[in-house]
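Here's a quick walk through some side chains and backbone spots worth pulling up on your screen. Keep the viewer open as you read.

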Amino acid sequence: MMLFNRDRDRPWKFTLATVLFLIVAVYIKAQNAYVEFLDSSIVDVIQKNQPGWKTLFYRGVTSLADPKLDIVWVFILAFLLWGFKFKVPALWCLATLAGGDVIASLVKNVVQRSRPTAHLAIDDGYSFPSGHVFGTFLLVAMIWVILIPMISTSWKAWLLRIVLIIWLLLVMISRVYLNAHFPTDTIGAALLAYLWLQVAEGLYIRLAPVMKKWPLLKKSEI
């Protein structure tokens, strides 16, 4: 039995996520007034109060969600999976993050949205989509679809799900709070990560049985 089963709704999930992402991306590329209004409204709420402790907290969140650290977290996850004979899932995690980073980078260079005017110098490059949110979404998804099904206790599984959702939301808020991104950058990143995840899961279903026949992966769980 594989980690991912065939999902009849996957084409619909992928299509819906793609349509929503393209709408956001096209509106941002066209510098649509509605997008600017939405961004400014959300920014006003998130940045309304900025005490020192909150700034320090969100800086900590955004540091832990740095795209470079995402690579470290995924390598640790893959290492653990490999050690427990989940070799194909381990390779899937690495390939999903690597392929996703390429796609996110391509989108950044196509849309070419500038950062908010008050962004920190360390936050260079284009703004859409948010790399922090994109990488965090994929890492959260990997834990969600691979590790959570292994938890036998229902309440522990749900507790971990809640923690993962809160963490993703905190990362999204932190990027807006610190002026690193517009809110729609984080929304677009989540949509792009979700549609890429649907592709990655579909590829896993097709390729995992084939990969298990490779000499190095013969004893792997899939």
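**A nonpolar patch on helix 1**

Val-19 counts as partly exposed because its relative accessibility is 43% (under 20% is buried, over 50% exposed, in between partly exposed, with a 1.4 Å probe and protein chains only). Val-19 sits in helix 1, residues 10-29 (helices are DSSP runs of H or I, at least four residues, numbered from the N terminus).

Val-19 is part of a nonpolar surface patch with Leu-16, Leu-20, Leu-22, Ile-23, Val-26 and Tyr-27, and together they offer about 620 Å² of accessible area. Areas come from the Shrake-Rupley method with a 1.4 Å probe, and for residues only the protein chains shown count as cover. A nonpolar patch takes Val, Leu, Ile, Met, Phe, Trp or Tyr with over 30% relative accessible area and no salt bridge, joined within 5 Å.

**Where this comes from**

This is a predicted model, where local features need pLDDT of at least 70 and side-chain atom pairs count only at pLDDT 80 or more, while totals for chains, interfaces and linings use all residues. Residues are numbered from 1 along each chain as its sequence is written, and side-chain values use heavy atoms, with hydrogens and water left out.

**Aromatic pairs**

The whole structure holds four aromatic pairs (ring centres of Phe, Tyr or Trp, its six-membered ring, within 6.5 Å; planes under 30 degrees apart are stacked, over 60 edge-to-face, the rest tilted). One of them is Phe-21 with Phe-128, stacked at 5.7 Å centre to centre and 20 degrees between the planes. Phe-21 is in helix 1 and Phe-128 in the loop between helix 5 and helix 6 (131-147), so this pair ties together parts 107 residues apart in sequence. Both Phe-21 and Phe-128 are buried.

Tyr-58 and Tyr-177 make a tilted pair, because their ring centres are 4.9 Å apart and their planes at 45 degrees. Phe-57 joins these two tyrosines in one aromatic cluster.

**A buried lysine**

Lys-87, in helix 5 (residues 87-111), is buried yet has no salt bridge, and the nearest side chain of opposite charge is Glu-221, 11 Å away. Here Lys and Arg are positive, Asp and Glu negative, with His and chain ends not counted; a salt bridge needs a Lys or Arg side-chain nitrogen within 4 Å of an Asp or Glu carboxyl oxygen.

**Backbone oddities**

Phe-128 and Pro-129 are joined by a cis peptide bond, with omega about -5 degrees. Gln-31 isn't a glycine, but its phi is positive, near 50 degrees.

How values were computed. Helix = DSSP H or I, 4+ residues; strand = E, 2+ residues; numbered from the N terminus. Patch = residues over 30% accessible without salt bridge, like charges linked within 9 Å, V, L, I, M, F, W, Y side chains within 5 Å.
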